Each structure stands twice: as C-alpha cells, then as structure tokens.
Amino acid sequence: MSYGYGGGGYPPQGGGYPPEGGGYPPEGGGYPPQGGGYGGGYGNVPQGGGTPPPNYLVWSILSTIFCCQVPGIVSIVFASQVNSKYSQGDFQGANDSSRKAKTWALVATLLGAVWVVVWVVYLVFGVLAASSGSAPGY
C-alpha cells in the first residue's frame, strides 16, 4: 500500500522522517522557540494598569430590567467598553467608561425609584379617594 512516497508505506523507509541531523525536538532548544517566539499570548496584563476598573455591568443590566430602560442601555454600552479598552492599554478610556457606566446606572436606578414612589403615592391617594366617596362612582 502506498501513501504518496513511491511505495513502502508511511513513514517512508530509509529516511525522510525524522529530519536528517537530529530528531524531535530540535537540538539546542525546545519547540516553540524560547524567548519571544509568538509574542503576546494569553494571560499577559497590560503594563501600568494593575487591575481593571469596575465595569458595573451587573448593576447596568439590573437597572435596565427593573428601573429605567433608556439610561440603563446607555450604562450597558459604557460598561461593555471598560474591559476591552483596558486590555488594549487605554487605561484613561477604561476609567472614563467605568465612570460613565456608573453615572448612567445611577441615573437609571434613581429614575426607577422616583417612578415607584410616584406610583405608590398615586395608588394611595386613589384608594383614599375611593374610600372617602369623593371619587365618581360608576
């Protein structure tokens, strides 16, 4: 049976593998080449940043669902930018996006709280008005 080496099977008989002059790994060093090789890789922390700023993503999502959607969505957009800017080395941009995400999440939370208070006051006055007989009857 031949696998493209002119007969004899695989690996070829009489040479071809391992490479002439040595086996695997190459003499004088491992593979991949040590001391640089492929560049970055996983786990490299950008220089000068320490830990990334908080992204407030959970708060942004919860304030969008439970409080006020428009500022909550704006907060999610800024929160999603924090880690990517930090990993690209834009520390000032990451801090700025973190600050904006926190601000917009706070705005959404406060607007949601105000809405709940207004709704409760409306219900209380509606119940009091209905029980006192001043509301029109049907």
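Here are a few notes on helix packing, salt bridges and a surface patch in this predicted model.

1. Let's start with the helices. Helix α2 covers residues 69-87, and helix α3 takes in residues 91-132. The two pack with their axes 7 Å apart, at an angle of about 160°. Anything over 145 degrees counts as roughly antiparallel, so that label applies to α2 and α3. As for handedness, the crossing of α2 past α3 is left-handed.

2. How many salt bridges does the structure hold? The count comes to two. One pairs the side chains of Asp 96 and Arg 99, with an N to O distance of 2.5 Å. The other brings the side chain of Lys 100 to that of Asp 96, at 3.3 Å, again N to O. These salt bridges have a shared partner, and they link Asp 96, Arg 99 and Lys 100 into one network.

3. Where do these partners sit along the chain? Asp 96 and Arg 99 are both in helix α3, with a spacing of three residues, or about one turn of the helix. Lys 100 and Asp 96 are also both in α3, but four residues apart, which is likewise given as about one turn.

4. Are the three charged residues buried or exposed? Buried would need under 20% relative accessible area and exposed over 50%, with partly exposed in between. Asp 96 has 25%, so it goes down as partly exposed. Lys 100 has a relative accessibility of 28% and therefore gets the partly exposed label too. Arg 99, at 48%, is partly exposed as well.

5. Now the surface patch, which is worth a look in your viewer. Trp 115, Val 116, Val 117, Trp 119, Val 120, Val 121, Tyr 122, Leu 123, Val 124, Phe 125 and Leu 128 make up a nonpolar patch on the surface. Taken together, these residues have about 1,200 Å² of accessible area.

6. Phe 125 is one of the patch residues, and its place is in helix α3. Why does Phe 125 count as exposed? Its relative accessibility is 55%, and the exposed class begins over 50%, so Phe 125 falls in that class.

7. To pull the α3 points together: this helix holds Phe 125, it contains Asp 96 and Arg 99 along with Lys 100, and it packs with α2.

Terms used
Residues numbered from 1 in each chain as written. Predicted model: local features only at pLDDT ≥ 70, side-chain atom pairs only at ≥ 80, totals over all residues. Heavy atoms only, no water. Patch = residues over 30% accessible without salt bridge, like charges linked within 9 Å, V, L, I, M, F, W, Y side chains within 5 Å. Areas by Shrake-Rupley, 256 points an atom, 1.4 Å probe, with all protein chains shown as cover. Salt bridge = Lys/Arg side-chain N within 4 Å of Asp/Glu carboxyl O. Buried < 20%, exposed > 50% of the residue type's maximum accessible area, 1.4 Å probe, protein only. Axes fitted to C-alpha atoms, helices over the stretch in contact; angles between N-to-C directions. Parallel < 35°, antiparallel > 145°, perpendicular 65-115°, else oblique. Left-handed = near helix turned anticlockwise from the far one by under 90°.
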